[in-house]
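Colleague: Got a minute to walk me through this one? I'd like to go strand by strand and helix by helix.

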Amino acid sequence: MEVLHRIDSEITNRCNAACPLCPRTGSYPHGISEVVHKTGYRDVEVSTIQKILDSHSGQNLKHFSYCGNYGDPFMHPKVFDIISMISSYGITQRFDTNGGMRTPRFWTEVGKLPGVAVNFAIDGLSDTNHIYRVKTNFDKIMENAEAFIKAGGHADWVMIIFAHNEHQVEEANELSKKIGFKSFQTKISTRGFNLSGTTPRRKIAIPKSKEYQPPELVDGYVETPVSCKAIYQEQFFITPDNMILPCCHVHSEVAKNTYHVKKPDSEFYNFLIDKNIKYDLDKYEFDEIVSSYRDNLNILIDYWSKRLIPICNRICGSNRRNKVKAIRGDIQERLR
C-alpha cells in the first residue's frame with residue numbers, strides 16, 4: 001500500500017450467468033441475492049476510473065484486474081471504453097469472465113488492444129460447463145474466445161473442478177491447445193463446500209479425486225499467519241458501488257453491513273467505521289482514501305496478527321483458499 005502498483009476491481013454487479021455457489025445468486029426476482037436486490041444494478045463510471053488513473057496515488061499503477069464477486073466485467077455497458085482508456089496509459093489488464101456474453105466481433109476488438117489478458121472460466125465441455133455456469137452457452141463461449149485469440153488476445157482457460165467434470169480435464173486441455181489458449185489451468189474452489197464434501201446448492205459435489213479436492217478437506221483446517229495480498233501485491237480494490245477496499249474478499253462483508261443484509265460478519269466493517277476510514281469514492285477523492293488507509297495500516301496489521309478479522313483469517317490466514325494449477329503453460333498473476 002506504500003506505493004500503489006495495482007487496482008483490482010469489480011466494475012459491475014451485472015452478470016449473464018446464475019452460478020449456484022456465487023454470492024449474487026439467490027431467491028429474489030431474477031435469481032439474485034439480497035445484496036444485489038438492495039443495491040440494484042451498479043456500474044463504475046468511466047470518469048471514476050479516469051480520476052483514479054490521474055490521481056497522485058495512481059501515478060505508479062502498472063496493472064488493472066477485474067474479478068467477479070457479484071458480476072462479470074464484460075457485462076459493464078461501457079467496458080470497451082474502460083479497457084481502451086486504461087490500455088492507453090500503458091497499464092496491463094487481466095479479466096476473469098465466463099465469456100458467454102456479447103459477440104465475436106466485440107471480442108475481436110478487445111483482442112486487438114495491447115496488454116490485455118483474459119481468464120476464461122470454462123468449467124467443462126459442452127455437456128458439463130452449464131451445470132455450474134448456469135445460463136451460459138458453451139458454443140457461444142468458444143466462438144467468443146476463438147475470436148479474441150485470433151485477433152491477438154492472450155487467453156487462459158481456467159476450469160473449476162467438480163465431481164461432474166473431473167473426467168474431462170485432459171479433453172478440455174487438448175481443446176484449449178487446438179483453439180490457441182496460452183495456458184490451461186485447473187482451479188480447486190472452496191466456495192460453498194464444507195468438510196463433508198457437499199454443498200446445499202443444487203447438489204454440486206466436490207471431485208472424487210483427492211488431487212482436485214479442497215486442501216481443508218484433504219488436510220483438515222490449518223491456520224497460518226495472515227498474509228494480506230493488498231500489501232504484498234500493492235493494491236486496492238474498487239467495488240461496483242464505488243467503495244475502495246483492500247481486496248475483493250472483504251467486499252461481501254462490507255456490502256452486507258452497508259445494505260443491512262442479515263447476519264453478516266462485521267469485524268472488518270467495524271474497523272472501517274471505528275477508525276473513520278475514508279473508503280467511499282462518492283464522498284472522498286481517491287488520494288484521500290489511500291492516505292486514510294495508510295494512516296491506519298499499523299492498526300490493521302495488528303488486527304491481523306491477533307486474528308481479529310474472521311474473513312482475513314479464513315482467506316489469507318488458513319488453507320481454506322482456492323488453488324490454481326497450470327496443467328499447460330504458466331500461471332500468470334493469479335489473484336485468488
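Colleague: Which residue in strand 6 is the bridge partner of Ala117?

Modeller: Bear in mind that this is a predicted model. Strand 5 (residues 116-121) pairs with strand 6 in the parallel sense, over five bridges. Within that pairing, the strand 6 partner of Ala117 is His154.

Colleague: And in strand 7, what is the bridge partner of Met159?

Modeller: Strand 6 also pairs with strand 7 (residues 183-188), in the parallel sense and over five bridges. There the bridge partner of Met159 is Thr186.

Colleague: Which residues of strand 6 point the other way from His154, Asp156, Val158 and Ile160?

Modeller: In a regular strand, side chains alternate between the two faces of the sheet. Strand 6 covers residues 154-160, and seven of its seven residues are buried. So both sets are buried, and the ones pointing the other way are Ala155, Trp157 and Met159.

Colleague: What is the handedness of the β-α-β unit that strand 6, helix 7 and strand 7 make?

Modeller: Strand 6 and strand 7 pair in the parallel sense. Helix 7 (residues 169-179) completes the unit with them, and its handedness is right-handed.

Colleague: Is Asn173 buried or exposed, and what is its relative accessible area?

Modeller: Asn173 sits in helix 7. Leaving aside neighbours within four places in sequence, Asn173 is in contact with Phe184, Ile327 and Arg328. The cut-off for buried is under 20%, so Asn173 counts as buried, with a relative accessible area of 4%.

Colleague: Which side chain does the Asn173 side chain join in a polar contact?

Modeller: Start from the contacts of Asn173 beyond four places in sequence: Phe184, Ile327 and Arg328. The polar contact is 3.3 Å, and the side chain at the other end belongs to Arg328.

Colleague: On to helix 6: how far apart are its end C-alpha atoms, and what span should its 13 residues give?

Modeller: Helix 6 runs over residues 138-150, and the estimate uses 1.5 Å a residue. That expected span agrees with the distance between the end C-alpha atoms, because both come to 18 Å.

Colleague: What covers the buried residues of helix 6?

Modeller: The buried residues of helix 6 include Phe138, Ile141, Met142 and Ala145. An α-helix has 3.6 residues a turn, so residues three or four places apart point the same way. Their cover includes helix 4, strand 5, helix 5, strand 6 and helix 7.

Colleague: Which residue just after helix 6 takes a positive phi?

Modeller: At the start of helix 6, a side-chain oxygen of Asn137 comes within 3.1 Å of the backbone nitrogen of Asp139. Just after the helix, the positive phi is about 105 degrees, and the residue is Gly152.

Note on methods:
Residues are numbered from 1 along each chain as its sequence is written. This is a predicted model: local features need pLDDT of at least 70, side-chain atom pairs count only at pLDDT 80 or more; totals for chains, interfaces and linings use all residues. Side-chain values use heavy atoms; hydrogens and water are left out. Buried means under 20% relative accessible area, exposed over 50%, partly exposed in between (1.4 Å probe, protein chains only). Helices (H or I, at least four residues) and strands (E, at least two) are DSSP runs, numbered from the N terminus. Two strands pair if DSSP finds at least two bridges between them. A crossover is right-handed if, with the strands pointing away from the viewer, the path from the first strand over the helix to the second runs clockwise. A polar contact is a pair of N or O atoms within 3.5 Å; within protein, one must be able to donate a hydrogen and the other to accept it, and residues adjacent in sequence count only if both atoms are side-chain atoms. Contact means heavy atoms within 4.5 Å. The expected span of a helix is 1.5 Å times one less than its number of residues.
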